[in-house]
There are 2 protein chains.
Amino acid sequence: MKLLEARQQFISSWGAFGTHWGINRTMAQIHALLLISADPLTQDDIMEQLNISRGNTNMNIRELINWGLVERVLLSGERKEYFTAEKDIWKVVKLIVKERKKRELEPMLQLLDKLEKVEGDKRDKHVKTFVDTVSGIKKLGRQADKTLDMMIKAEESWFVGTMMKFFK
Amino acid sequence: MKLLEARQQFISSWGAFGTHWGINRTMAQIHALLLISADPLTQDDIMEQLNISRGNTNMNIRELINWGLVERVLLSGERKEYFTAEKDIWKVVKLIVKERKKRELEPMLQLLDKLEKVEGDKRDKHVKTFVDTVSGIKKLGRQADKTLDMMIKAEESWFVGTMMKFFK
DNA sequence: ATTTATTTTCAGTAATTTTTGAAATTTCAA
DNA sequence: TTGAAATTTCAAAAATTACTGAAAATAAAT
């Protein structure tokens with residue numbers, strides 16, 4: 001397979017992959033494009049290579065910057081802004097985990113805390129089922145939260161090494 | 001908070017949560033409803049409690065069954081089918097991980113294997129950046145695949161216990 | 001200060017996804 | 001068998017989400 005075709009396939013699959021993870025297609029494709037580009041790109045480069053509008057490009061670049069996955073680069077003597085993606089995949093994973101934990105897991109845990117305190121007699125099976133379900137989810141959620149915190153702080157080598165021990 | 005309000009909030013949040021994870025709102029809501037219901041429900045119960053159409057209910061129940069999250073229950077002497085959800089949250093998580101791994105991670109790894117073999121001279125920085133990115137993702141992806149396999153096979157107690165050790 | 005390049009915004013449009021509901025099919029009791 | 005109850009299907013409609021492109025805003029150069 002030629003490089004050009006391989007690049008297209010990577011971008012397209014990364015886009016499709018993203019849609020299963022609550023990230024829109026374009027945002028994932030821009031990220032993919034920057035990941036495989038040796039040098040920083042301008043907004044126009046991105047528009048051209050992905051065939052998307054200026055507005056779409058601009059909005060999604062900014063969103064990638066919010067996530068910490070992409071950053072602006074100023075090249076001396078150049079008026080235009082350039083963009084480049086974090087290439088260390090372990091760092092990329094940690095940034096994504098951190099962001100989604102904050103946006104999704106933490107609010108969910110807060111809600112569960114509240115719901116667990118529902119009024120009513122626990123001998124009533126409807127109350128019991130509700131409380132047991134909520135508590136069960138909360139317990140596992142808290143565990144996941146801690147595990148992810150650990151992961152976010154960890155070095156890849158330490159983390160992978162630790163995981164490896166379990167496979168023996 | 002009263003049970004009825006708490007139930008509504010749980011269902012609604014679980015639905016919103018699901019949409020961030022590539023699961024549609026209704027499917028997640030039906031799942032939530034069944035999780036907090038002490039007894040199995042019929043399709044009509046679900047339609048009524050969630051205010052959704054028969055077709056929508058039916059399609060999403062079937063999808064939940066495909067995922068292994070819900071099962072049909074036949075109550076003796078009853079013509080109608082009843083449905084109930086797996087209540088053990090650890091099992092639920094494992095079922096979801098297993099399914100998404102199969103649907104998303106494994107095809108991605110297969111693609112990366114192919115893309116890594118791209119033609120061209122690795123001294124060309126464009127080729128090098130592409131191959132390095134693909135290899136990096138593949139490496140981490142394989143590691144994740146193994147880690148998830150381990151998790152799918154593990155008992156909750158073992159898994160949580162093991163994770164706990166890291167926090168000391 | 002004025003011009004020109006560049007970036008950002010956002011109302012309108014397009015594309016995609018989800019939902020409905022009525023018809024078709026299946027199931028089972030009589 | 002027949003037919004009533006229950007389930008499934010799917011084309012059309014609704015709802016949601018994403019994208020465009022032109023205009024406004026901003027930033028740099030002259």
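In this predicted model, chain A is superposed on chain B with an RMSD of 0.1 Å by a turn of 180° combined with a shift of 0.0 Å along the axis. The relation between the chains is therefore that of a two-fold axis. Within chain A, the C-alpha nearest this axis belongs to Trp21(A), at 2.7 Å from it. Both copies are served by the same surface, since 100% of the contact residues of chain A recur in chain B.

The contact between the chains takes 45 residues from chain A and 45 residues from chain B. On the side of chain A that touches chain B, at least two residues each are supplied by helix H1 (3–19), helix H5 (89–116), helix H6 (125–153) and helix H7 (156–165) of chain A. The largest share of this side comes from H6(A), with 14 residues. Divided by class, the side of chain A that touches chain B comprises 26 nonpolar, twelve polar and seven charged residues.

The protein surroundings of the two DNA strands were examined separately. DNA strand C is surrounded by 17 residues, of which Gly55(A), Glu81(A), Asn24(B), Ser53(B) and Gly55(B) are the closest. Two or more residues of the surface near DNA strand C are given by each of H4 of chain A, helix H2 (25–35) of chain B and H4 of chain B. H4(A) provides the largest share of that surface, four residues. The class composition of the surface near DNA strand C is two nonpolar, eight polar and seven charged residues.

Around DNA strand D there are 18 residues, and those that come nearest are Asn24(A), Ser53(A), Gly55(A), Gly55(B) and Glu81(B). The elements that give two or more residues to the surface near DNA strand D are helix H2 (25–35) and helix H4 (54–67) of chain A, along with helix H4 (54–67) of chain B. For this strand, the largest share of the surface, four residues, is contributed by H4(B). The residues of the surface near DNA strand D fall into two nonpolar, nine polar and seven charged.

Taken by strand, the largest share of the surface is thus assigned to H4(A) for DNA strand C and to H4(B) for DNA strand D. Gly55(A) and Gly55(B) are listed among the closest residues to DNA strand C and among those nearest DNA strand D.

How values were computed
Residues numbered from 1 in each chain as written. Chains lettered and ligands numbered in written order. Predicted model: local features only at pLDDT ≥ 70, side-chain atom pairs only at ≥ 80, totals over all residues. Near = placed C-beta within 6 Å. Nonpolar A, V, L, I, M, F, W, Y, C, P; charged D, E, K, R; others polar. Least-squares fit on C-alpha atoms with pLDDT ≥ 70 in both. Contact = placed C-beta atoms within 7 Å.
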